Amino acid sequence: MTVLLRGITWDHARGYAPLAENTEAFSKEYPGIRVEWSRRSLRDFGVQPVEDLARDYDLLVIDHPFTGRARTLGCLKDLRPLLPEDFLALMERQSVGPSTRSYDFGGLFAMPTDAACQVACCRPDLVERLDSEVPRTYDEVLSLGAKARSAGKWLAMPSCQSDSACLVATMAANLGYPIEVGAGDLVERPVFREVLDYLRALADLSIPQSRDWNPIATFDAMSSGDEIVYVPFAFGYSNYARKGADPRLKFANIAGPGADPAAGAILGGAGMAISADCRHVDEAVTYLKWVHRPEHQATAYFEAGGQPGLRDAWIDPAVNALGGNFFQDTLETIEKAYLRPRFDGFIPAFEHMGLLVHRWLKNGGDRDALIADANTTFAKACETAAQLH
């Protein structure tokens with residue numbers, strides 16, 4: 001009898017193909033297990049309640065802030081009792097930045113299948129035409145932006161709702177004031193003002209349409225036209241740097257205004273979890289271990305379009321040669337990445353702040369009212385979470 005495991009991931013070549021295209025290879029090694037993958041939108045990946053998915057699927061590829069919800073509701077399996085100690089130790093050693101521990105929140109709820117954070121990106125041909133180099137400081141970003149505007153070109157800063165929230169988080173962390181539980185405010189008022197000033201300066205140099213874009217739309221626009229020279233902050237997608245991409249985008253460490261320009265980028269990525277309702281847990285664990293073998297991540301997983309979650313792949317010369325050095329050129333940033341709060345209730349408060357900032361970047365408005373609203377909403381979410389635990 002063959003056991004069927006149903007999985008749900010996110011709808012992008014990076015999220016779906018490396019899993020779906022390798023299920024046959026897995027079933028050849030384990031003929032009694034078959035895996036089927038479905039997909040949901042990038043927006044749903046970031047906001048759809050994890051408990052809804054856990055009722056319908058055995059395997060879930062999730063965003064790490066959902067670990068707080070999983071802890072509260074018990075809708076995902078704690079993987080620590082299910083996995084061998086040597087495998088858990090391997091995942092710790094293989095972690096790129098805080099990727100592995102990002103899923104550890106009152107239980108280990110996922111494995112680091114995919115690793116990412118906000119990074120910088122450019123069209124190297126356009127940067128060269130401006131007689132410039134890839135920026136390493138915030139002032140150099142502004143200088144490149146001014147040159148781009150003089151030449152009739154733009155920066156771009158994806159600032160849709162979710163990405164506006166992430167921009168604030170990255171900038172605050174880069175300045176040395178990361179969003180933290182127990183700090184009272186989401187970001188202290190003077191720092192919040194400073195963050196918004198920095199973002200406004202970048203927005204004024206950025207193609208206006210990017211205020212409604214996510215990173216995928218931004219990189220698609222960079223690849224399909226010659227208007228956008230550089231993106232200072234966006235979640236990295238190695239697909240656009242791969243051999244065969246035309247034009248081939250170049251990714252780099254962020255260049256923020258803080259003391260360490262490459263520090264504080266908000267961590268992204270995706271992790272594979274097992275539903276608490278899964279009826280074939282042993283088989284799900286077998287599959288989980290198979291996907292997270294370092295040799296698989298650096299070969300078949302990457303070759304199918306994946307962005308590996310393990311360190312061996314990030315430093316592999318062959319992976320970097322095919323991936324346009326995406327991994328080695330952004331490794332410093334992800335090693336210094338910022339891990340956002342994960343308590344149950346953080347996502348709605350964070351998304352609310354993102355909506356306020358998105359509207360402000362597009363339309364202007366009362367900056368202090370925005371800050372007060374965002375801070376009050378975050379404080380209430382923290383208070384509710386404290387009562388739950």
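These legends walk through several close-up views of a predicted model.

**View 1. Phe219 and its ring partners.** Here we're looking at Phe219 in helix H11 (residues 215-224), paired with Tyr240 from the loop between strand S7 (228-235) and strand S8 (250-252). The Phe219–Tyr240 pair is tilted, with 5.4 Å from centre to centre and 55° between the planes. Because of where the two rings sit, the pair ties together parts that are 21 residues apart in sequence. Both Phe219 and Tyr240 are buried. Phe219 has another partner in Phe251: the centres are 5.3 Å apart and the planes stand at 80°, so this pair is edge-to-face. Phe251 belongs to strand S8, so its pairing with Phe219 in helix H11 bridges 32 residues of sequence. Phe219 counts as buried at 1% relative accessibility, and Phe251 counts as buried at 1% too.

**View 2. The wider aromatic cluster.** Pull back a little and ring pairs link Trp10, Phe219, Tyr237, Tyr240, Phe251, Phe302, Trp314, Phe326 and Phe327 into a cluster. The model's count of aromatic pairs comes to 19. One cluster member, Tyr237, also has company from a charge: the charged end of Arg14 sits over the Tyr237 ring, 4.5 Å from its centre.

**View 3. Arg200 over Trp360.** In this view Arg200 lies over the face of Trp360, and the distance to the ring centre is 4.4 Å.

**View 4. Leu76 in the nonpolar core.** The largest nonpolar core holds 137 residues, and Leu76, Phe192 and Tyr287 are the ones touching the most other members. Helix H17 (residues 346-363) gives the most to this core, chipping in nine residues. Leaving out neighbours within four places in sequence, the contacts of Leu76 include Val50, Ala54, Leu60, Ile62, Phe109 and Ile274.

**View 5. Arg123, a buried charge with partners.** Arg123 sits in the loop between strand S5 (118-122) and helix H7 (124-129). With a relative accessible area of 3%, Arg123 is buried. What does the side chain of Arg123 meet in a salt bridge? That would be the side chain of Asp226, at 2.8 Å from N to O. Asp226 lies in the loop between H11 and S7, so this bridge ties together parts that are 103 residues apart in sequence. Unlike buried Arg123, Asp226 counts as partly exposed, at 39% relative accessibility. A polar atom of the Arg123 side chain also lies 2.8 Å from the backbone oxygen of Gly225. Not counting residues up to four places away in sequence, Arg123 touches Met222, Ile228, Val229, Pro247 and Leu249, among others. Zoom out and Arg123, Asp125, Arg129 and Asp226 turn up linked in a network of salt bridges.

**View 6. Asp212 meets Lys362.** The side chains of Asp212 and Lys362 form a salt bridge at 3.1 Å, N to O. Asp212 is in the loop between helix H10 (189-204) and H11, while Lys362 is in helix H17, so the pair joins parts that are 150 residues apart in sequence. Both ends are partly exposed: Asp212 has a relative accessible area of 43%, and Lys362 has 38%.

**View 7. Glu335 meets Arg311.** This salt bridge is modelled at 2.1 Å, N to O. It links distant parts of the chain, with Glu335 in helix H16 (residues 326-335) and Arg311 in helix H14 (residues 311-314), 24 residues apart. Glu335 is partly exposed at 33% relative accessibility, and Arg311 is partly exposed at 22%. The model's salt bridges come to 18.

How values were computed:
Residues numbered from 1 in each chain as written. Predicted model: local features only at pLDDT ≥ 70, side-chain atom pairs only at ≥ 80, totals over all residues. Heavy atoms only, no water. Phe/Tyr/Trp six-rings, centres within 6.5 Å; stacked < 30°, edge-to-face > 60°. Helix = DSSP H or I, 4+ residues; strand = E, 2+ residues; numbered from the N terminus. Buried < 20%, exposed > 50% of the residue type's maximum accessible area, 1.4 Å probe, protein only. Lys NZ or Arg CZ within 6 Å of the ring centre and 35° of its normal. Core = buried A, V, L, I, M, F, W, Y, C linked by side-chain atoms within 4.5 Å. Contact = heavy atoms within 4.5 Å. Polar contact = N/O pair within 3.5 Å; in protein donor to acceptor, adjacent residues only side chain to side chain. Salt bridge = Lys/Arg side-chain N within 4 Å of Asp/Glu carboxyl O.
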